[in-house]
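Here are a few friendly notes to read alongside the structure. Keep the view open as you go, and look up each residue when it is named.

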Amino acid sequence: MATPTYDLLASTTLTSSASSVTFNSIDQSYGDLILVAATDSTGGLGIMTFNSDTGSNYHRVIMRGTGSSAQSSSETRNNIVVNSSDFSVSIFQIMDYSATDKHKAVLSRDNRADDQVVATASRWANTSGITSISIPASSGNFVAGSTFNLYGVAK
Amino acid sequence: MTLIETITVGSGGASSIEFTGIPGTGKDLLILVSSRNSSTSVSLEYRLNSDSTSSAYVMKLLQYKNGLVDTDSITSTKFSGVGVSTNYTANTFTSNAIYVSNYAGSTNKSVSIDEVSENNATQAYLRISAGVWNNTAAVTAFSVTSPNLLVEHSSASLYTIS
């Protein structure tokens with residue numbers, strides 16, 4: 001049986017505040033991508049887009065627990081939400097990201113212990129392979145110490 | 001992702017599984033647990049660096065619990081996990097995944113936990129949890145503890161992600 005691999009493709013640790021982090025020229029030879037973002041930001045959220053697409057092409061279903069309310073919803077957005085507060089950790093699995101014949105599915109877990117726990121299934125309605133990922137803060141900046149690690153999972 | 005160690009409970013059971021001396025060479029930690037309790041408790045406890053300080057662990061959780069969906073906030077001396085009790089179908093064990101980001105860093109540690117105790121019956125759990133350990137120390141130890149004993153064949157594996 002082949003040995004599964006989980007390779008670090010790119011890593012960014014902010015040494016000073018920054019309004020955005022971008023991964024370009026993503027290796028297309030892996031099966032899936034894993035993005036782990038442990039961040040804090042002045043605005044409390046990041047917003048992720050693929051291939052600089054800021055159109056309303058990101059659809060999601062979400063379930064959320066706030067400690068007092070269990071919620072579910074669906075919506076169409078022009079980005080994928082990344083929780084960003086008190087170095088919360090968000091983990092995204094982007095399936096078959098390099099395929100050119102299917103929309104891209106993303107499973108994610110957003111974790112803010114001070115606020116909410118979230119599980120989301122998203123779809124980017126585009127058949128292009130994902131070659132870049134941009135994560136700007138929704139407002140303000142990501143603070144120093146925020147980390148963004150991008151891994152490739154072998155086919 | 002590198003397997004650091006797997007610990008399997010032997011005959012007679014054990015009250016806990018503990019990893020110590022975790023190397024600080026990775027970015028994140030992943031711990032996978034398969035467990036069954038020797039009692040009617042459906043709880044597990046997770047601790048970092050053996051810390052049992054009051055209010056050290058803060059959680060938000062969302063879960064399917066015995067046919068209902070609910071959510072909770074917990075501040076405690078440990079992270080609360082999902083176990084399998086003696087009331088569950090024989091030979092069923094939990095599946096628990098605990099992800100600790102930036103475990104060797106100097107900020108409080110954020111944790112993502114996914115757990116299931118499937119029972120082929122209404123009595124079962126599916127839980128997701130967000131946690132923070134309010135401590136800036138590097139994580140060098142991790143423990144899984146049962147209120148009573150973890151039965152033979154319970155196991156946990158620790159991976160670093162670099």
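1. Begin with the area between the two chains: in this predicted model, chain A and chain B bury about 2100 Å² between them, and carbon and sulfur atoms give 63% of that area. Three residues are worth finding here, Tyr6(A), Arg109(A) and Ala113(A), because together they supply 27% of the area that chain A buries against chain B, more than any other three residues. The contact draws on 31 residues from chain A and 28 residues from chain B.

2. Which side chains meet in a salt bridge? Look for Arg109(A) and Asp114(B), whose side chains come together at 2.7 Å, N to O. The count between chain A and chain B is one salt bridge. Polar contacts also cross this interface, with 10 residue pairs found where both partners have pLDDT of 80 or more.

3. Now trace the side of chain A that touches chain B. Several strands of chain A supply at least two residues each, including E1 (6-13), E5 (58-65) and E9 (104-112). Which strand gives the most? That is E10(A), with four residues. Sorted by class, this side of chain A has 14 nonpolar, 11 polar and six charged residues.

4. Arg60(A) deserves a stop of its own. You will find Arg60(A) in strand E5 of chain A. Is Arg60(A) buried or exposed? With a relative accessible area of 14%, Arg60(A) falls under the 20% cut-off and so counts as buried. Its side chain makes a polar contact with the side chain of Glu75(A), at 2.6 Å. Leaving out residues up to four places away in sequence, Arg60(A) touches Ser73(A), Arg77(A), Val81(A) and Thr120(A), among others.

5. Finally, turn to the nonpolar cores. In soluble globular proteins, nonpolar side chains tend to be buried together. The largest nonpolar core here has 29 residues, and those touching the most other members include Phe19(B), Leu29(B), Tyr46(B) and Phe142(B). Strands of chain B that each supply at least two residues of this core include E2 (14-19), E4 (43-48) and E11 (142-150). Leu29(B) is a good place to look around: beyond its neighbours within four places in sequence, its contacts include Ile22(B), Ile98(B), Val139(B) and Leu158(B). Apart from the largest core lies another one, of 26 residues, with Ala18(A), Leu35(A), Met48(A) and Phe148(A) among them.

Notes:
Residues are numbered from 1 along each chain as its sequence is written. Chains are lettered from A and ligands numbered from 1 in the order in which they are written. This is a predicted model: local features need pLDDT of at least 70, side-chain atom pairs count only at pLDDT 80 or more; totals for chains, interfaces and linings use all residues. Side-chain values use heavy atoms; hydrogens and water are left out. Contact means heavy atoms within 4.5 Å. Buried area is the accessible area (1.4 Å probe) that two parts lose on being put together, summed over both. A salt bridge is a side-chain nitrogen of Lys or Arg within 4 Å of a carboxyl oxygen of Asp or Glu. A polar contact is a pair of N or O atoms within 3.5 Å; within protein, one must be able to donate a hydrogen and the other to accept it, and residues adjacent in sequence count only if both atoms are side-chain atoms. Ala, Val, Leu, Ile, Met, Phe, Trp, Tyr, Cys and Pro count as nonpolar, Asp, Glu, Lys and Arg as charged, and the others, Gly among them, as polar. Buried means under 20% relative accessible area, exposed over 50%, partly exposed in between (1.4 Å probe, protein chains only). A nonpolar core is a set of buried Ala, Val, Leu, Ile, Met, Phe, Trp, Tyr and Cys residues joined through side-chain atoms within 4.5 Å.
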